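Q: Could you take me on a close look at the helix packing in this model? I'd like to follow one part and see what it touches.

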Amino acid sequence: MTVILATACAVVYGTADFFGGLATRRSQVFSVVVLSQIAGLVLILGLLPLLPGTFGAPALTWGLASGLAGAAGLVLFYRALAMGVMSVVAPTTAVTSAALPVTFGLATGERPAVWALVGVALALGAVLLVSQEGSGGRRASLSSVLAALAAGAGFGGFFILLSMAPHEAGLWPLVGARLSSISLVALLAVLARRALKPGPGSLHIIVAAGVLDMAANVLYLLAQQDGLLSLVAVLVSLYPASTLLLARQVLGERLRAVQVAGVACALVAVALIAVAQHH
């Protein structure tokens, strides 16, 4: 069940990113981030009665902390993209965001089966491959690489901090996470004097991105409550594969050979982790 939830989470995260990418072509980044996160907050408040949990200070505190880490990761990621080359920034961020929870899980006593660890290694390689894009001859700057590493640390921190919330808290940690992330990004938008009004015809795409992102967060929370953080976080980090496939199907973008190899590695990694979990 853990593998199914985590893989579904990766697919939904990748789809949310696809919609988010479409939205940023029509609206300011801050507008997309704030409005999509508000849409996600509305969804999670609606889901609370369906998946009830125990409201308490620990649930809200860990949630608030994870939201700040995730929002900081998002801002740093966009900053890195603005400064650097996508083919370097994307895989650096994705692998760092996966490697941190794996390291944390192993350091706190998690011991996945041997085949699961092989799957983890293959999955990290898959993330590197699927995130590759043509650099157009540009070279990555040191500052963009450092920003990408920091962004990955923010996303990895989001996964770790969310996993620290009590299991009986239900969805309450996600309420805390969304409240703190909206507050931080909205504050940054005000300080940067960025308008939050969406571009023409983009609001429905922004709402779709926000709802899907929160749905993925719910799937992640359920997956890590039932399984090892070191495995769940790696499976979730495969989300760029679904973004790629959607871009191929919907926008007609061509996949490079290295990206096709990455998707194949991702499928094998999921299979290996699933087999190890089953045994």
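A: Let's begin with Leu 162, which counts as buried because its relative accessibility is 1%. Buried means under 20% relative accessible area, exposed over 50% and partly exposed in between, with a 1.4 Å probe and protein chains only. This is a predicted model, in which local features need pLDDT of at least 70 and side-chain atom pairs count only at pLDDT 80 or more, while totals for chains, interfaces and linings use all residues. Residues are numbered from 1 along each chain as its sequence is written, and side-chain values use heavy atoms, leaving out hydrogens and water.

Leu 162 sits in helix α6; helices here are DSSP runs (H or I, at least four residues; strands are E, at least two), numbered from the N terminus. Between the C-alpha atoms of Leu 162 and Thr 54 there are 15 Å, and the two are 108 residues apart along the chain.

Now follow α6 to its packing with α8: the angle is about 55° and the axes lie 10 Å apart. Axes are lines fitted to C-alpha atoms, for helices over the stretch in contact, and angles run from 0 to 180 degrees between N-to-C directions. α6 and α8 are therefore oblique to each other, given that under 35 degrees is roughly parallel, over 145 roughly antiparallel, 65 to 115 roughly perpendicular and the rest oblique. Their crossing is right-handed, meaning that the near helix is turned clockwise from the far one by less than a right angle, whereas anticlockwise would be left-handed.

Helix α6 (residues 142–163) also carries Phe 155, whose partner Phe 77 is 78 residues away in helix α3 (residues 57–83). Both Phe 77 and Phe 155 are buried. Their ring centres are 6.2 Å apart and the planes meet at 65°, so this pair is edge-to-face. Rings of Phe, Tyr and Trp (its six-membered ring) pair if their centres lie within 6.5 Å, with planes under 30 degrees apart stacked, over 60 edge-to-face and the rest tilted. Tyr 78 joins Phe 77 and Phe 155 in one aromatic cluster, and the whole structure holds seven aromatic pairs. Leu 76 is in α3 too, but Leu 76 is partly exposed, at 31% relative accessibility.

Back to α8, which also packs against helix α1 (residues 2–24), at about 160° and with axes 8 Å apart. That angle makes α1 roughly antiparallel to α8. The crossing of α1 and α8 is left-handed. Sorted by class, their contact has 21 nonpolar, four polar and two charged residues.

A third link to α8 is a side-chain one: Arg 178 makes a salt bridge with Asp 213, with 2.8 Å between the closest N and O atoms. The pair joins helix α7 (residues 172–191), home of Arg 178, to helix α8 (residues 203–226), home of Asp 213, across 35 residues. A salt bridge needs a side-chain nitrogen of Lys or Arg within 4 Å of a carboxyl oxygen of Asp or Glu, and by this rule the count is one. Arg 178 is buried, with 5% relative accessibility, while Asp 213 is partly exposed at 21%.

Finally, look at the loop between α7 and α8, where Arg 193 lies. Arg 193 is exposed, at 79% relative accessibility, and its phi is near 55°, a positive value in a residue other than glycine.

Conventions
Nonpolar A, V, L, I, M, F, W, Y, C, P; charged D, E, K, R; others polar.
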